Amino acid sequence: MPAFRFDRDTVAFANQTVFEYREGHAHARKSKPRGDVYNRRCFVLCRTATQFYKFARFDPRSAPLDDKALAARIRSVTKQQAWTAPLPENERVVFPGYPNLREMTKARGKVLRANIGLGWTVYLRPSNGRIVYQHDPRYQAEMHAKINEYLARGQPFVGYLSTFPRITVNHAILVYKRKSLSRDGIERYAAYDPNHPEAPRELTWCGKTSSFAYQKDVDFVGGFVRVYQVYGKWLQ
C-alpha cells in the first residue's frame, strides 16, 4: 500500500472557521460568510481522508460519474469504520475520472461536502471527556507511542488537539509522516490540517517534557497541545 501523501490523499477545500482569528485569538466575524459555507467539520474531513486512503481507489482513465452516482460511491466509503484494516485493491470503491482524492475534491468538492456527514455529531463522542481529566504526561507519552506505531504500519493517525481548560485550540488533524528527530530530542511530524489544505502543518514531540506542540498559524497561537487519538476504535 503506497504511503499517505499530502498532495494526493488530502481534501483540497478548507474547513472554514466559525470565528475570525488574529494572532491565534478568536473574534466574532464582522459579517457572516455567504455562499457555500463549510465549517465545524475538521474531524469529519480527517476521518474522510482516512477512509478514502483505506477503502477507495481511483481510475483516471474512465469517465467521471454524474453527481448522483458519485454521491452514492462517496457514501459507500464513508460508511466504512475508519479504524478497520485497509481493503485490498480489488475490493475498494472505485472513483473513475480522477487520479486521486485531492483532484476529485478540486473538481467535485460540493458533492463530497454534501455526502461525508454532519459536523455536530462529533461533539457527542464519549471519548471527548478525556480532555477534562486525562492530562497526565504519561498519557501523552502513550499517544506519542501510538502515533509511531500507526506510522510504522503505514497508517495515518487522527489526533484531537486540545488545551483544555484554557481553550486555545479545539481541533483535529491527521498525522501521516515522521519527519525527523532533532539533536535536542524533538521529533517532528507532518500533518494534514483541514483548516489549511494548502500545505502540511507540523506537530512536534519533546521527550524531555513528554509534551506535544503544534505549529503557529492564523487560528492558533502555537505551542503546547495535548493529543488524543480519535477514530482508532469504536466510540472514539
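The largest nonpolar core here has 61 residues, and the members touching the most others are Phe52, Phe95, Met104, Val175, Leu203 and Val225. Helix α2 (residues 42–55) chips in nine residues, the largest share of this core. Keep in mind that this is a predicted model. Besides the core, there's a closed barrel of six strands to look at, plus one cavity of 30 Å³ or more.

**Around Phe52**
- Leaving aside residues up to four places away in sequence, Phe52 touches Phe58, Ile74, Val77, Arg92, Phe95, Leu101, Met104 and Leu112.
- Two of those contacts, Phe95 and Met104, also show up in the list of core residues that touch the most other members.

**The barrel and its helices**
- The strands go round in the order β5-β6-β7-β8-β9-β10, with antiparallel pairing.
- On average, neighbouring strands are turned by 45° against each other, direction ignored.
- Helix α2 packs on this sheet, where it touches β5, β6 and β7 (186–192), and its direction makes about 45° with that of β6.
- Strands β5 (residues 157–162) and β6 (residues 170–181) run antiparallel and are joined by six bridges.
- Leucine 161, for one, has histidine 171 in β6 as its bridge partner.
- Helix α6 (residues 137–152) lies across β5, β6, β7, β8 (201–206), β9 (211–214) and β10 (223–229), at about 65° to β10.

**The cavity**
- The largest cavity comes out at about 60 Å³.
- Its lining includes Thr50, Lys54, Trp83, Tyr150, Phe157, Val158 and Gln229.
- Both α2 and β5 supply at least two residues each to that lining.

How values were computed: Residues numbered from 1 in each chain as written. Predicted model: local features only at pLDDT ≥ 70, side-chain atom pairs only at ≥ 80, totals over all residues. Heavy atoms only, no water. Core = buried A, V, L, I, M, F, W, Y, C linked by side-chain atoms within 4.5 Å. Buried < 20%, exposed > 50% of the residue type's maximum accessible area, 1.4 Å probe, protein only. Helix = DSSP H or I, 4+ residues; strand = E, 2+ residues; numbered from the N terminus. Contact = heavy atoms within 4.5 Å. Pairing = 2+ DSSP bridges. Axes fitted to C-alpha atoms, helices over the stretch in contact; angles between N-to-C directions. 1 Å grid on protein atoms, 1.4 Å probe; cavity = no way out; pocket = protein on both sides within 12 Å on 5 of 7 lines; lining within 4 Å. Points joined across faces, edges and corners; volume = space filled by probe spheres on them.
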